[in-house]
Amino acid sequence: MFTGIVEELGEVVAVEQLEDASRFRLRGPLVTEGAQHGDSIAVNGVCLTVVEFGDGEFTADVMAETLKRSSLGALGVGSRVNLERPMAVGGRLGGHIVQGHVDGTGTILERTPSEHWELVKVGLPAHLSRYVVEKGSITVDGVSLTVVEVADDWFTISLIPTTLDLTTLGTKKSGDPVNLEVDVIAKYVERLLGTDAKENGK
């Protein structure tokens, strides 16, 4: 479980292409402090398992399903990535409940800078639009953000200087893909209501 509060701006050190997967080696001195084999680390919002670690770096295997559903396949050596360790039990929930299970990818459509913040418009896949609401939460490349405005095929987010400086969202350009994770509570509510409706013959 994560909160969407990025801890560190890491970097892809190596990418090994396997038959039906990829093996990434990433640099993140902070998130690897005290790391153990099998720990989880969110990379651009995708929950990955630590296979090897040492000297401030860790290795993770990315299966075909993850590559298909996320933008991790577009990463190469030197790519910057948002990194976050799982939430500690009893800690503060600074963002919102994030699982690290990407629901799909969107595309940066437009950036509108202001004096103290920047408005970013992101393309929204049709199958995710029903889960996104104005003033609700969404995770973009692992960053917990509040939705400013939403339409059927796009939404906007407002980025403060801290987010622009400390995450990859500060350097994303129009046309760049981003990983999206919608609020899991909305998905559970939809599922429960759908089940109830079927049981009641509606």
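**A walk through a predicted chain**

Let's begin with the record: an unreviewed UniProt entry lists residues 1–96 and residues 97–193 under "domain: Lumazine-binding". The entry also gives these two stretches the annotation "repeat: Lumazine-binding". Keep in mind, as you turn the structure around, that this is a predicted model.

Now look at the chain as a whole. Its secondary structure consists of 3 helices and 13 strands. You can also look at one annotated stretch by itself: residues 97–193 are 16% helix and 40% strand. The C-alpha atoms at the two ends of that stretch lie 21 Å apart.

How does the radius of gyration of the chain compare with that of a compact globule? For 202 residues, a compact globule would have a value near 17 Å, and the chain has 17 Å, so the two agree. If you prefer to picture a box, the C-alpha trace spans about 55 × 50 × 40 Å along its principal axes.

Next, think about what is inside and what is outside. Of the 202 residues, 41% count as buried. The accessible surface of the chain comes to about 10,700 Å², and carbon and sulfur atoms make up 52% of that surface.

It also helps to ask which parts of the sequence meet in space. Take the contacts between residues with a separation of 6 or more: 70% of them join residues that are 24 or more positions apart. Charges can be followed through the chain too. There are 18 positive and 30 negative charges, and the mean positions of the two groups are 3 Å apart.

Finally, zoom in on two residues in loops. The loop between strand S5 (52–54) and strand S6 (57–63) holds Asp-55. Although Asp-55 is not a glycine, its phi is positive, at about 55 degrees. Is Asp-55 buried or exposed? Its relative accessibility is 75%, and exposed means over 50%, so Asp-55 counts as exposed.

Further along, you will find Lys-135 in the loop between strand S9 (118–123) and strand S10 (137–140). Lys-135 is not a glycine either, yet it has a positive phi of about 70 degrees. With a relative accessibility of 56%, Lys-135 counts as exposed because of that cut-off. Try finding both residues in the structure above: Asp-55 between S5 and S6, and Lys-135 between S9 and S10.

Notes:
Residues are numbered from 1 along each chain as its sequence is written. This is a predicted model: local features need pLDDT of at least 70, side-chain atom pairs count only at pLDDT 80 or more; totals for chains, interfaces and linings use all residues. Side-chain values use heavy atoms; hydrogens and water are left out. Helices (H or I, at least four residues) and strands (E, at least two) are DSSP runs, numbered from the N terminus. The radius of gyration is taken over C-alpha atoms; the globule rule is 2.2 Å times the number of residues to the power 0.38. Buried means under 20% relative accessible area, exposed over 50%, partly exposed in between (1.4 Å probe, protein chains only). Contact means heavy atoms within 4.5 Å. Accessible areas come from the Shrake-Rupley method with a 1.4 Å probe; for residues, only the protein chains shown count as cover. Lys and Arg count as positive and Asp and Glu as negative; His and the chain ends are not counted. The place of a charge is taken as NZ of Lys, CZ of Arg, CG of Asp or CD of Glu. UniProt positions are given in the numbering used here, feature names are shortened, and annotations may be inferred rather than shown by experiment.
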